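Subject: Structure handover

Hello,

Please find the structure below, followed by notes on what was found in it. The notes go from the sheet to the core and then to some individual residues.

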Amino acid sequence: MEKDDEINGEGNSYTAEFWQYDPRLGRRWNVDPLTYPWQSSYAAFNNNPIYYIDPLGLEGVDQETANSGGGNVGDTYEDENGSVFEKSDIGWIPQQSGGSTESNPTLHGRIKKNVISGAARGTIKKVEGIVIHRTDSNDPKQTMNGFKSGKGTQFLIDREGNIFQTTNSVTDKTWHVGAIKSRCEATGDCDILKKNSGETWKKYALRQHKIEKKKDYPTRYPYNDTSIGIEFMGKHNGKNGWEPVTEDQIKAGVFLIQLLQNRYNLTNDDIYNHEDISRKTPGEGGDVTKALGINQVFN
Ligand SMILES: [Zn+2]
């Protein structure tokens with residue numbers, strides 16, 4: 001995981017304009033448009049993808065069931081182009097092997113399961129947000145093995161744009177956020193919680209976290225029980241800051257975030273940079289979301 005930053009109490013000072021909201025898709029991305037087989041088929045009324053189901057009803061899943069989010073995890077079907085899709089717990093995703101890769105080669109084999117025992121720490125109550133991280137490390141396998149300690153994220157995107165899922169279910173909880181800061185302090189809607197004399201920064205942060213936890217989202221930031229974490233491989237190089245996010249990481253990030261947003265009804269307002277909601281190195285998530293074209297204003 002990224003290194004801790006000394007607590008400095010500084011809020012971030014993004015002045016970037018708000019991300020434009022597309023009422024039809026519930027999102028808009030300021031990057032080269034990627035086309036997904038289902039992208040043209042969102043049903044405006046429920047924001048659910050109309051899944052590509054074999055008209056003959058392979059695997060016993062009919063169109064109506066699938067449209068309402070049906071099908072069992074593990075079900076597969078083949079569309080008219082020969083692409084094979086599999087139902088995962090975040091919806092229908094292209095299967096790693098088989099199928100035509102002509103229409104969109106980037107889709108195939110996008111999410112690779114690499115379940116790390118010890119990474120899952122219970123179950124997410126409700127997915128309220130997505131938190132963006134950097135690993136501050138070089139080797140993805142080694143980094144994921146480190147998740148055994150209990151600190152990890154559901155997803156990791158390496159520099160080549162491979163997406164690894166480290167928990168069996170997306171809604172397996174991971175420890176990736178830490179103690180959350182106070183959102184109302186950031187917006188100026190409440191008094192700053194004072195640190196007691198003799199109280200360590202850690203104890204102070206935990207005391208604040210406990211207070212925040214009792215609030216409802218989005219009055220507070222999301223935390224481990226309510227968010228999915230995505231790590232982007234990348235080193236922090238002292239005064240030079242974080243290494244640039246690669247083009248492949250950008251494409252993979254857009255793909256994964258859109259998938260999660262669709263599944264859990266999230267907008268770009270529900271995407272958070274780790275350093276904005278907890279006490280972390282500046283630019284950790286911010287450099288990533290900027291590269292992805294999410295000019296988020298966090299407060
Ligand atoms: Zn982080």
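**Central strand S5 and the sheet**

Both faces of S5 are covered: Gly129, Val131 and His133 on one side are buried, and so are Ile130, Ile132 and Arg134 on the other. Put as a count, six of the six residues of S5 are buried. Please keep in mind that this is a predicted model.

S5 covers residues 129-134 and is joined to S9 by three bridges, the two strands running parallel. Within that pairing, Val131 is opposite Tyr272 of S9. S5 also pairs with strand S8 (residues 227-232), again in the parallel sense, over six bridges. There, Ile132 stands opposite Ile230 of S8.

These strands belong to an open sheet of six, with the order S4-S7-S6-S8-S5-S9 and mixed pairing. At its edges are strand S4 (111-113) and strand S9 (271-273), each of which pairs on one side only. Ignoring direction, neighbouring strands of the sheet are turned by 25 degrees against each other on average. As background, strands of a sheet pair through backbone hydrogen bonds, either parallel or antiparallel.

**The chain as a whole**

The chain contains seven helices and nine strands. It has 299 residues, of which 36% count as buried. Among contacts with a separation of 6 or more, 67% are between residues 24 or more positions apart.

**Nonpolar core**

The largest nonpolar core has 43 residues, and the members that touch the most others are Ile130, Ile157, Ile230 and Leu256. Two or more residues each come from S5, S6, strand S7 (163-165), S8, helix H5 (247-264), S9 and helix H7 (286-292). H5 gives the most to this core, with eight residues. In general terms, nonpolar side chains tend to be buried together in soluble globular proteins.

Ile130 is worth listing in full. Leaving out residues up to four places away in sequence, Ile130 touches Ser227, Ile228, Ile230, Ile257, Leu260, Leu266, Asp270 and Ile271. One of these, Ile230, is also among the core members with the most contacts to other members.

**Gly229 and Ser149**

Gly229 is in strand S8. Is Gly229 buried or exposed? There are 27 other C-beta atoms within 10 Å of Gly229, so this residue is buried; the cut-off for that class is 20 or more. Neighbours within four places in sequence aside, Gly229 is in contact with Val131, His133, Thr153, Gln154, Thr174 and His176. Of these, Val131 and His133 sit on one side of S5. For Thr153, the C-alpha to C-alpha distance to Gly229 is 4.8 Å, with the two positions 76 residues apart in sequence terms.

Ser149 gives the opposite result. Ser149 is placed in the loop between helix H2 (140-145) and strand S6 (155-157). Ser149 counts as exposed because 12 other C-beta atoms lie within 10 Å, and the exposed class takes 12 or fewer. The C-alpha atoms of Ser149 and Ile116 are 9.9 Å apart, and the two residues are 33 apart along the chain.

**Backbone points to check**

Three loop positions have backbone geometry that you may want to look at.

- Tyr217 and Pro218 are joined by a cis peptide bond, with omega of about 5 degrees. Pro218 is in the loop between helix H4 (201-213) and S8.
- Asp136 is not a glycine, yet its phi is positive, at about 55 degrees. Asp136 is in the loop between S5 and H2. With 19 other C-beta atoms within 10 Å, Asp136 is partly exposed; the buried class begins at 20.
- Asn265 also has a positive phi, near 55 degrees, and is a residue other than glycine. Asn265 lies in the loop between H5 and S9. Asn265 counts as exposed, with 12 C-beta neighbours inside 10 Å.

Regards

Notes
Residues numbered from 1 in each chain as written. Predicted model: local features only at pLDDT ≥ 70, side-chain atom pairs only at ≥ 80, totals over all residues. Pairing = 2+ DSSP bridges. Helix = DSSP H or I, 4+ residues; strand = E, 2+ residues; numbered from the N terminus. Axes fitted to C-alpha atoms, helices over the stretch in contact; angles between N-to-C directions. Contact = placed C-beta atoms within 7 Å. Core = buried A, V, L, I, M, F, W, Y, C linked by C-beta atoms within 7 Å.
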